[in-house]
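Subject: Structure handover

Hi,

Here is the structure I promised to pass on. Have a look at it first, and then read on for what turned up.

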Amino acid sequence: MLTKTHEERTAAEEAQRYLENASTILSEKAGKRDGQYADIKYVKMAAGTAYSAALLILDEYLKQKEGIHFKKPTSIEDYMSRLRKYDKKLLRLLASVYDELHLAGYYHGTRSVDTIQLGLTNVTKMLNYIANSFSQFRKPLNS
């Protein structure tokens, strides 16, 4: 079976691939016991991967909104400031994903299955919301 290269995938497909990788890391490597993950190393890895999916789709969203004036955001504050202009729902989802995946998951290394799963769910909500709103997300990344 042939797989698509990075350039052939849409932003939505690439973000979905990141999310699947994060879920695989959690299910195969992190280990669960009593609602807690056993191995922080893999929780951090998965949280970082899922958070990267969120930023990937937000970059594509901002490219669509800003066109030739798009410049990749350099901080979470930059993402939030720009989203505040365009979409409050995405802004709220990003704030949640930042807290759940980047801060709690990646930075602090939470063992909470609920926190990480909520973060993954919120990235999926972002992906679905953006993909359903913009046909551009169904075109290859380098188109």
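Below are my notes, going from the overall fold to the side-chain contacts and then the surface.

**Overall layout**

One thing to keep in mind throughout: this is a predicted model. The secondary structure comes to five helices and two strands. Starting at the N terminus, the order of elements is α-β-β-α-α-α-α. The protein has 143 residues, and 45% of them count as buried.

There is one backbone spot you may want to click on. Asp-34 sits in the loop between strand E1 (32–33) and strand E2 (36–37). Its phi is near 55°, which is a positive value in a residue other than glycine. Asp-34 has 81% relative accessibility, so it counts as exposed.

**Helix H2 and what it meets**

A good part of my list involves helix H2 (residues 40–66), so I'd colour that one before going further.

Start with Ala-50, which lies in helix H2. Is Ala-50 buried or exposed? It counts as buried, because its relative accessibility is 0%. Its C-alpha atom is 9.2 Å from that of Gln-16, and the two residues are 34 apart along the chain.

Ile-57 is also found in helix H2. With a relative accessible area of 1%, Ile-57 is buried. Measuring C-alpha to C-alpha is not needed on your side: Ile-57 and Val-123 come out 9.3 Å apart in space, with their positions 66 residues apart in sequence.

Then there are the rings. How many aromatic pairs does a search of the whole structure find? The answer is one. The pair is Tyr-51 with Tyr-98, 6.2 Å centre to centre with 55° between the planes, and it is classed as tilted. Tyr-51 belongs to helix H2 and Tyr-98 to helix H4, so the pair ties together parts that are 47 residues apart in sequence. Both tyrosines, Tyr-51 and Tyr-98, are buried.

**Salt bridges**

Searching the whole structure gives five salt bridges. Here are some of them.

- Glu-14 and Arg-17: their side chains meet at 3.0 Å, N to O. Both residues are in helix H1 (residues 11–30), three residues apart, or about one turn of the helix. Glu-14 counts as buried because its relative accessibility is 2%, whereas Arg-17 counts as partly exposed at 32%.
- Lys-72 and Asp-59: this salt bridge is 2.4 Å, N to O. It links distant parts of the chain, with Lys-72 in the loop between H2 and helix H3 (76–86) and Asp-59 in helix H2, 13 residues apart. At 48% relative accessibility, Lys-72 is partly exposed, while Asp-59, at 9%, is buried.
- Glu-66 and Arg-82: the closest N and O atoms are 2.6 Å apart. Glu-66 is in helix H2 and Arg-82 in helix H3, so this pair ties together parts that are 16 residues apart in sequence. Glu-66 and Arg-82 are both buried.

The last of these also belongs to a network of salt bridges, which links Glu-66, Asp-78 and Arg-82.

**A charged patch on the surface**

Now for the outside. Which residues gather in the patch of positive charge on the surface? They are Arg-84, Lys-88, Lys-89, Arg-92 and Lys-125. Helix H4 (residues 88–107) supplies the largest share of the patch, with three residues. Lys-125 comes from helix H5 (residues 113–133). This lysine, Lys-125, counts as partly exposed because its relative accessibility is 46%.

**Where to look**

If you only have a few minutes, I'd go to three places: the tilted pair of Tyr-51 and Tyr-98, the network of Glu-66, Asp-78 and Arg-82, and the positive patch that includes Lys-125.

Cheers

Note on methods
Residues numbered from 1 in each chain as written. Predicted model: local features only at pLDDT ≥ 70, side-chain atom pairs only at ≥ 80, totals over all residues. Heavy atoms only, no water. Patch = residues over 30% accessible without salt bridge, like charges linked within 9 Å, V, L, I, M, F, W, Y side chains within 5 Å. Areas by Shrake-Rupley, 256 points an atom, 1.4 Å probe, with all protein chains shown as cover. Salt bridge = Lys/Arg side-chain N within 4 Å of Asp/Glu carboxyl O. Lys, Arg positive; Asp, Glu negative; His and termini not counted. Charge placed at Lys NZ, Arg CZ, Asp CG, Glu CD. Helix = DSSP H or I, 4+ residues; strand = E, 2+ residues; numbered from the N terminus. Buried < 20%, exposed > 50% of the residue type's maximum accessible area, 1.4 Å probe, protein only. Phe/Tyr/Trp six-rings, centres within 6.5 Å; stacked < 30°, edge-to-face > 60°.
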